[in-house]
Amino acid sequence: MGEMLLGQFKGDLPLVIIRPTAIASTYKQPFPGWIEGVRTFDSFIVSYGKGKLTSFPANPNTIVDVIPVDMVVNAMVVAMKVHYAERQHACETIYHVSSSFRNPLTLSDLRNLSHCYFIKNPWIDANGLRVKVGQLTFFSKANIYLLLMQMKYVLPLKVLYLANILCCQRFKKIYKNLNRKINFVIQLAKLYEPYAFFLGSFNDGNLVELQRVAEEQGIDLLEFNFDSESIEWEEYMMNIHIPGLLKYGIKS
């Protein structure tokens, strides 16, 4: 709706709309791995690393359409420069700043890379113990996963709730802790269900054309890189994003 309003009221001004997908930590600038807080798919990574997530409803072929934040900023800066030079034309251009079309990262890839990372760099829990992680299991249907959660965890938790009442709140702390963990995983599954089974991708052809025009205008595309095809996912996840997420995104 916002884009429609801009298109209606822009008048003679050129209009550029930037549509980034899931924004992740910096690839290079101002330094690799910078991020503020836990974003989008990061809850998935952190929960898995902490040992809280052992299974999840998802299609392993779903593309995790992420883009480093510095590439988004670079695309914005270059788009402003290019379109300012063509400001006499009151055109409207939309740029998808994304990775799914030319350099897809699947959920299966993310699972495997997260597993490799936390095997080599295990999470240290509050007691100073290393958390051991196994390979994450994907469920092909969300309703089957939620039913399993009800049978395996929620029903026994209800029994513990009754036992806690009968024993004068003796198990209150254990119950609250387990209830919080189970509800978190269930809510995470419900929140990400529409995305975990989405098999589409976003065509960034306009962005490729922006690169071509920017190069013709002499803009340094090494300094202002926004080419998602240049991302090496294993290098980025193992040595940049996950370490940066744990260092800058997680509040101690």
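**Exercise 1. Where is the place of Glu223?**

Solution. We're working with a predicted model here, so start with the chain position.
- Step 1: Glu223 sits in the loop between H7 and H8.
- Step 2: Check its exposure. The relative accessible area is 42%, and since buried means under 20% and exposed over 50%, Glu223 counts as partly exposed.
- Step 3: List its contacts. Leaving out residues up to four places away in sequence, Glu223 touches Gln29 and Asn74.
- Step 4: Compare with Leu147, 76 residues away along the chain: the two C-alpha atoms are separated by 50 Å.

**Exercise 2. Work out the overall layout of the protein chain.**

Solution. Take the elements, then the box, then the contacts.
- Step 1: The secondary structure comes to 8 helices and 6 strands.
- Step 2: Read from the N terminus, the order is α-β-β-α-β-β-α-β-α-β-α-α-α-α.
- Step 3: Along the principal axes, the C-alpha atoms fill a box of roughly 80 × 40 × 30 Å.
- Step 4: The chain has 252 residues, and 41% of them count as buried.
- Step 5: Now look at contacts between residues at least 6 apart in sequence: 84% of these join residues at least 24 apart.

**Exercise 3. Describe how H5 and H6 pack.**

Solution. Geometry goes before side chains.
- Step 1: H5 covers residues 142–166 and H6 covers residues 172–196; their axes are 10 Å apart and the packing angle is about 165°.
- Step 2: Classify the angle. Over 145 degrees counts as roughly antiparallel, so H5 is roughly antiparallel to H6.
- Step 3: Handedness next: H5 passes H6 in a left-handed crossing.
- Step 4: Sort the contact by class, and you get 16 nonpolar, 2 polar and 3 charged residues.
- Step 5: Put names to it. The H5 side includes Tyr145, Leu146, Met149, Tyr153, Leu157 and Asn164, while the H6 side includes Lys172, Ile174, Leu178, Ile182, Lys190 and Glu193.

**Exercise 4. Inspect the backbone in the loop between H5 and H6, then track down a cis peptide bond elsewhere.**

Solution. Keep the usual case in mind: most residues other than glycine have a negative phi, and most peptide bonds are trans.
- Step 1: Cys168 lies in the loop between H5 and H6, and its phi is near 55°, a positive value in a residue other than glycine.
- Step 2: Gln169 lies in the loop between H5 and H6 too, with a positive phi near 65°.
- Step 3: Compare exposure. Cys168 is exposed, at a relative accessible area of 69%, whereas Gln169 counts as partly exposed at 43%.
- Step 4: For the cis bond, go to Gln29 and Pro30, where omega is about -5°. Pro30 lies in the loop between S2 (22–24) and H2.

**Exercise 5. Test the length of H7, then find what it packs against.**

Solution. Begin with a ruler check.
- Step 1: H7 runs over residues 205–216, which is 12 residues; at 1.5 Å a residue it should span 16 Å, and its end C-alpha atoms are 17 Å apart, so the two agree.
- Step 2: Its buried residues are Leu207, Leu210, Gln211, Val213 and Ala214.
- Step 3: Think about the spacing: an α-helix has 3.6 residues a turn, so residues three or four places apart point the same way.
- Step 4: What covers those buried residues includes H3 (69–85) and S5 (92–97).
- Step 5: Zoom in on H3. Its axis comes within 10 Å of the H7 axis, and the two cross at roughly 60°, so H3 and H7 are oblique to each other. The crossing is left-handed.
- Step 6: In this contact, Ala75, Val78, Ala79 and Val82 of H3 meet Leu207, Leu210, Val213 and Ala214 of H7. By class that gives 8 nonpolar, no polar and no charged residues.
- Step 7: Just after H7, Gly218 takes a positive phi of about 85°.

**Exercise 6. Repeat the ruler check on H4 and name its cover.**

Solution. Same recipe, another helix.
- Step 1: H4 holds 14 residues (107–120), so at 1.5 Å a residue it should span 20 Å; its end C-alpha atoms are 20 Å apart, which agrees.
- Step 2: Among its buried residues are Leu107, Leu110, Arg111, Ser114, His115 and Phe118.
- Step 3: The cover over the buried residues of H4 includes H2 (42–49), S6 (137–139), H6 and H8 (233–249).

Key. Residues are numbered from 1 along each chain as its sequence is written. This is a predicted model: local features need pLDDT of at least 70, side-chain atom pairs count only at pLDDT 80 or more; totals for chains, interfaces and linings use all residues. Side-chain values use heavy atoms; hydrogens and water are left out. Axes are lines fitted to C-alpha atoms, for helices over the stretch in contact, and angles run from 0 to 180 degrees between N-to-C directions. Helices (H or I, at least four residues) and strands (E, at least two) are DSSP runs, numbered from the N terminus. Angles under 35 degrees count as roughly parallel, over 145 as roughly antiparallel, 65 to 115 as roughly perpendicular and the rest as oblique. A crossing is left-handed if the near helix is turned anticlockwise from the far one by less than a right angle, and right-handed if clockwise. Contact means heavy atoms within 4.5 Å. Ala, Val, Leu, Ile, Met, Phe, Trp, Tyr, Cys and Pro count as nonpolar, Asp, Glu, Lys and Arg as charged, and the others, Gly among them, as polar. The expected span of a helix is 1.5 Å times one less than its number of residues. Buried means under 20% relative accessible area, exposed over 50%, partly exposed in between (1.4 Å probe, protein chains only).
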